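Work through these exercises with the sequence and model open beside you. Try each task before reading its solution.

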Amino acid sequence: MDKRIYNFSAGPAVLPEEVLLEAQKDLFMLPGVGMSILEISHRSKTFDKIHAQAKEDLKKLLNLGDNYDLLFLQGGASLQFSMVPLNLMPPVNKADYLVTGTWSKKAVKEAKRVGTVNIAASTESENFNRIPKQEEFKLDSEAAYVHYTSNNTIYGTEWHYVPEVGNVPLVCDMSSDILSAPIDVNKYALIYAGAQKNMGPSGVTFVIIRKDMIERSQDTLHTMLNYKTHTDNDSLYNTPSVFGIYIIGLVAKYLLSIGGLSEMKKINQKKADLLYSCFDNSNGFFKGHAVPDSRSIMNITFRLPSEELEKKLIADATAAGFDGLKGHRSVGGLRASIYNAFPLKGVEDLVSFMEDFRKKNS
Ligand SMILES: *Cc1c(COP(=O)(O)O)cnc(C)c1O
């Protein structure tokens, strides 16, 4: 293989070429430092600067006020399934969860170890092909928080509104759509995301926490599981993923250079629209899993008339340089993950490949 191919992987996923090329240079030697980014101390001045700049650029991108702390943790989004309830559930020990897919269910599983979970809405009986409507929620006004998953990586659905939860703190797993579009962070008490889908490499979990939430964390918690440890130490209580934070910094800088999240959203929408209109114009040959008002702009899931045809399309596409299109087993079919860094040209090429396939096979 001597050229880069189209990478539709759900995560770890495609990164901007500009970022990879800059990292390639710094991998041998950081300018003026004489050491690789992989070799420097997390307590060095060089890393201090990289870390502070990454935070500053993310704050700019997300329009974050000083009432939020920004953390780079480890353990993946999966550890946040535990840290969120451990820190935020006491003393009331109950929370509301809006369940829209596999990741929401995993979050519920951990929360139940800490206290009482009220499933305030779920679309599981419809195989998670849609996002619930506000009118369907059965919220508890005394809940410690409301948790939801903004983009369902496996099912290919995405919230296109922010749940209205009154005065209850809103917590969101944004692993697969963070930085894909502008968000109003002020509506949230805590946001978390595994970096490996839309922000950088695996090994970093990005957390945005409103400062008043930190007061909930009890001293009896294990040190590493306590948000206060990490806010008090600016994510440096233990050795963070130096390289991961560095790449996230480059990605943030890249996003600012193209005009920020509103520009990014325009491009993402254009890419997603191309694929969805290919389905809608296929006389039912390509059938999206998500109902139209719940369609994700990041992970696009679809079926063909038979499993045989699905296998054939995946095989033919792989041979033609479109990698990672096999769907997750809980939905079947195909999934095209088209995160921020996935090029528009790649979507255009896939659509013409798919149209060609349909003509030959229907
Ligand atoms: C991938 C993913 C996770 C799990 O992330 P890890 O970093 O592997 O723990 C959680 N939630 C969502 C929405 C995801 O897409």
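**Exercise 1: Backbone oddities in loops**

P12 sits in the loop between β1 (6-7) and α1 (17-28). The model is a predicted one.

Task: Find which residue a cis peptide bond joins to P12, and give omega.

Solution.
- Step 1. Go to the loop between β1 and α1, where P12 is placed.
- Step 2. Read the bond: G11 and P12 are joined by a cis peptide bond, with omega about -10 degrees.
- Step 3. Look for a cis peptide bond at P91. P90 and P91 are joined by one, and omega there is about 5 degrees.
- Step 4. Place P91: this residue lies in the loop between α3 and β3 (94-99).
- Step 5. Turn to phi. N127 is not a glycine, yet its phi is positive, about 50 degrees. N127 belongs to the loop between β4 (116-122) and β5 (146-149).

**Exercise 2: Around the ligand**

Task: State how many residues surround the ligand, and which are the closest. Then give the distance from a polar side-chain atom of T153 to a ligand oxygen.

Solution.
- Step 1. Count the surroundings: 13 residues, with S78, T153, D173, Q196 and K197 the closest.
- Step 2. Take T153. A polar atom of its side chain is 2.4 Å from an oxygen atom of the ligand.
- Step 3. Take S78. An N or O atom in its side chain is 2.6 Å from a ligand oxygen atom.
- Step 4. Take Q196. Here a polar side-chain atom lies 2.9 Å from an oxygen atom of the ligand.

**Exercise 3: α3 against α4**

Task: Classify the packing of α3 and α4: parallel or oblique?

Solution.
- Step 1. Locate the helices. α3 spans residues 76-88 and α4 spans residues 102-111.
- Step 2. Get the geometry: the axes are 8 Å apart, at an angle of about 45 degrees.
- Step 3. Classify. α3 and α4 are therefore oblique to each other.
- Step 4. Add the hand: the crossing of α3 past α4 is right-handed.
- Step 5. List the contact. From α3 come S78, F81, S82 and P85; from α4 come W103, K106, A107, E110 and A111.
- Step 6. Sort these residues by class: five nonpolar, two polar and two charged.
- Step 7. Link back. S78 of this contact is also among the closest residues to the ligand.

**Exercise 4: Two partners of α10**

Task: Compare how α8 and α9 each lie against α10.

Solution.
- Step 1. Start with α8 (residues 261-280). Its axis and that of α10 come within 9 Å and cross at roughly 5 degrees.
- Step 2. Classify. α8 and α10 are therefore roughly parallel to each other.
- Step 3. List the contact. K270, K271, L274, L275, C278 and F279 in α8 touch L344, V347, E348, L350, V351, M354 and E355 in α10.
- Step 4. Sort by class: nine nonpolar, no polar and four charged.
- Step 5. Now α9 (residues 307-319) and α10 (residues 344-361). Their axes come within 11 Å and cross at roughly 135 degrees. That angle makes α9 oblique to α10.
- Step 6. Add the hand: α9 and α10 cross in a right-handed way.
- Step 7. List the contact. L309, K312, L313, D316 and A317 in α9 meet F353, M354, F357 and N361 in α10. By class, the contact has six nonpolar, one polar and two charged residues.
- Step 8. Find the link. M354 of α10 meets α8, and M354 also meets α9.

Definitions and conventions. Residues are numbered from 1 along each chain as its sequence is written. This is a predicted model: local features need pLDDT of at least 70, side-chain atom pairs count only at pLDDT 80 or more; totals for chains, interfaces and linings use all residues. Side-chain values use heavy atoms; hydrogens and water are left out. Axes are lines fitted to C-alpha atoms, for helices over the stretch in contact, and angles run from 0 to 180 degrees between N-to-C directions. Helices (H or I, at least four residues) and strands (E, at least two) are DSSP runs, numbered from the N terminus. Angles under 35 degrees count as roughly parallel, over 145 as roughly antiparallel, 65 to 115 as roughly perpendicular and the rest as oblique. A crossing is left-handed if the near helix is turned anticlockwise from the far one by less than a right angle, and right-handed if clockwise. Contact means heavy atoms within 4.5 Å. Ala, Val, Leu, Ile, Met, Phe, Trp, Tyr, Cys and Pro count as nonpolar, Asp, Glu, Lys and Arg as charged, and the others, Gly among them, as polar. A residue is near a molecule or strand if one of its heavy atoms lies within 4 Å of it. A polar contact is a pair of N or O atoms within 3.5 Å; within protein, one must be able to donate a hydrogen and the other to accept it, and residues adjacent in sequence count only if both atoms are side-chain atoms.
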